[in-house]
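Biologist: I've got some time before lunch. Walk me through this one, a piece at a time, and spell out your terms as you go.

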Amino acid sequence: MKILVINAGSSSLKYQLINVENKDVLAKGNCERIGIDGRFKHKTGDGRGFEREVALPDHRAAFRLVIEALTTGEFAVIGSTSEIDAVGHRIVHGGDKFTHSVLVTDEVLKEFQGVINFAPLHNPPALSGIEACRETLGKAVPNVMVFDTAFHQTMPPQAYIFGVPYKYYEQYRVRRYGAHGTSHRYVSLRCAELLGKKPEETKIVTCHLGNGSSISAVDAGKCVDTSMGFTPLGGIIMGTRSGDLDPSVVTFIMEKEGISPRDMENLLNKESGFIGISGISSDDRDLEEATAKGIERSKIAQDAQRYQIKKLVGAYSAAMGGLDALVFTGGIGENSSLLRAAVCENMEYLGITFDPAKNEETIRGKEGDLSLPGGKVRVYVIPTNEEYMIALDTKTLVG
């Protein structure tokens, strides 16, 4: 069964064509700078491909180009669109309307309009991607929406409620939703396999660390808490996002600087975090280089992020009443041995025994156990595979 997985961003459209039966990625690529000038990258499963500048006025044009690359020319991997059995779409935010993946229907899309503004940078382009698929492939090809927030819908009220008047939850559904749920679900299931246990027998903290980062507590296979909040702005310091802070900081800066709510939202989402503190870059690799050169603000930014991760590992262990494993994933989690070492330093009291040699070896997409023999709490690097989880959910729903 061949599933086309689509991940539509505000100015991008990533894709993978996956044979779900054997996990083979037949082709993958990315349409970048949609609505600007346009760049298209396409690569087949055996490593052949191309990259070129091309006009991409909107997501519909991008999707048509994807279909063309998959079905025609020397880098085609299927003979026609009839070989695409279904399309799975990554959706960042489903509010509390969508607690699991769903088949796309006109009624579902109408319901989705009610939560589309919960992720204003991500949900509208995702909807454009769905519409482009239905127009190009026809409604006979099933589409499935897989929500990043769905995995976190098992959180109990004490974990998701905010300390504001309850009427705002009742009227506007203001609560903690989290993000990266598909990634947290994948790595927690894989971690249970590595532990040789059923998911129901495990207590795991999963750290999805990249330009956007979130930490989750997964108890008995279900999320019981997560660091991101009402939007992906909450949680730990990230590449350009502030993470959690005293709400009065927001009103104080707005009053002092005379800026609007929209401008303040932009400042917190795009001008804060690593770039805001360091003044250098939003990329962890750049900060590692700068810190090595002794640039103090870069060190402060990295130390703050690692300290916040360490705090959450301890907090979530307390919330679950124990810990079996700590998992690192995402671009930073999979590749930054310095971050992993900093987070696991002085954690022996919790049962973490860390192997520095294994840590240095486990980068560039490698899976590995970073624990010393006999360690009570295992530390794993597990490369995430959100696309496969989306394809698997799609296969399940379309039969």
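Modeller: Contact here means heavy atoms within 4.5 Å. Helices (H or I, at least four residues) and strands (E, at least two) are DSSP runs, numbered from the N terminus. This is a predicted model: local features need pLDDT of at least 70 and side-chain atom pairs count only at pLDDT 80 or more, while totals for chains, interfaces and linings use all residues. Residues are numbered from 1 along each chain as its sequence is written, and side-chain values use heavy atoms, leaving out hydrogens and water.

Biologist: Okay, start with the helix pair: which residues in α3 does α1 meet?

Modeller: The α1 side brings H59, R60, F63, R64 and I67. By class, the contact has six nonpolar residues (Ala, Val, Leu, Ile, Met, Phe, Trp, Tyr, Cys and Pro), four charged (Asp, Glu, Lys and Arg) and three polar (the others, Gly among them). On the α3 side, they meet P125, S128, E131, A132, C133, E135, T136 and L137.

Biologist: How far apart are the axes of α1 and α3?

Modeller: Axes are lines fitted to C-alpha atoms, for helices over the stretch in contact, with angles from 0 to 180 degrees between N-to-C directions. α1 (residues 59-71) and α3 pack at an angle of about 50°, and the two are therefore oblique to each other (under 35 degrees is roughly parallel, over 145 roughly antiparallel, 65 to 115 roughly perpendicular, the rest oblique). The crossing is right-handed (the near helix is turned clockwise from the far one by less than a right angle; anticlockwise would be left-handed). As for the spacing, the axes of α1 and α3 are 9 Å apart.

Biologist: On to the sheet with eight strands: which strands stand at its edges?

Modeller: The sheet is open, with mixed pairing, in the order β5-β4-β3-β2-β1-β6-β8-β7; two strands pair if DSSP finds at least two bridges between them. An edge strand has a single partner, so one side of it is left without a neighbour in the sheet. That fits β5 (49-53) and β7 (102-103).

Biologist: Which residue in β5 stands opposite K41?

Modeller: β4 (residues 39-44) and β5 pair over five bridges in the antiparallel sense. Across from K41 you'll find E51.

Biologist: And at what angle to β6 does α3 run?

Modeller: α3 (residues 123-137) lies across β1 (2-8), β6 (86-91) and β8 (143-147). Another helix, α15 (residues 386-398), lies across β1, β2 (13-19), β6, β7 and β8, at about 130° to β6. For α3, the angle to β6 is about 170°.

Biologist: What is the relative accessible area of M145?

Modeller: M145 lies in strand β8. It touches residues including H89, I91, V102, L109, F112 and I130, leaving aside those up to four places away in sequence. M145 counts as buried (under 20% relative accessible area; over 50% is exposed, in between partly exposed, with a 1.4 Å probe and protein chains only) because its value is 0%.

Biologist: Which residue is the bridge partner of D219 in β11?

Modeller: β10 (residues 214-219) has five of its six residues buried. It pairs with β9 (residues 203-208) over six antiparallel bridges, and with β11 (residues 222-226) over four, also antiparallel. β10 and β11 form a hairpin with two residues between them, where A220 in the turn has a positive phi of about 60°. In β11, the partner of D219 is K222.

Biologist: Other positive phi values: is R364 buried or exposed?

Modeller: R364 isn't a glycine, yet its phi is positive, about 55°. It lies in the loop between α14 (356-361) and β13 (368-369). H180, in the loop between α5 (167-172) and α6 (181-195), counts as buried at 9% relative accessibility. With a relative accessible area of 70%, R364 is exposed.

Biologist: Last one: what is the handedness of the crossing of α11 and α13?

Modeller: The axes of α11 (residues 296-320) and α13 (residues 337-344) come within 9 Å and cross at roughly 50°. That makes α11 oblique to α13. The crossing is right-handed.
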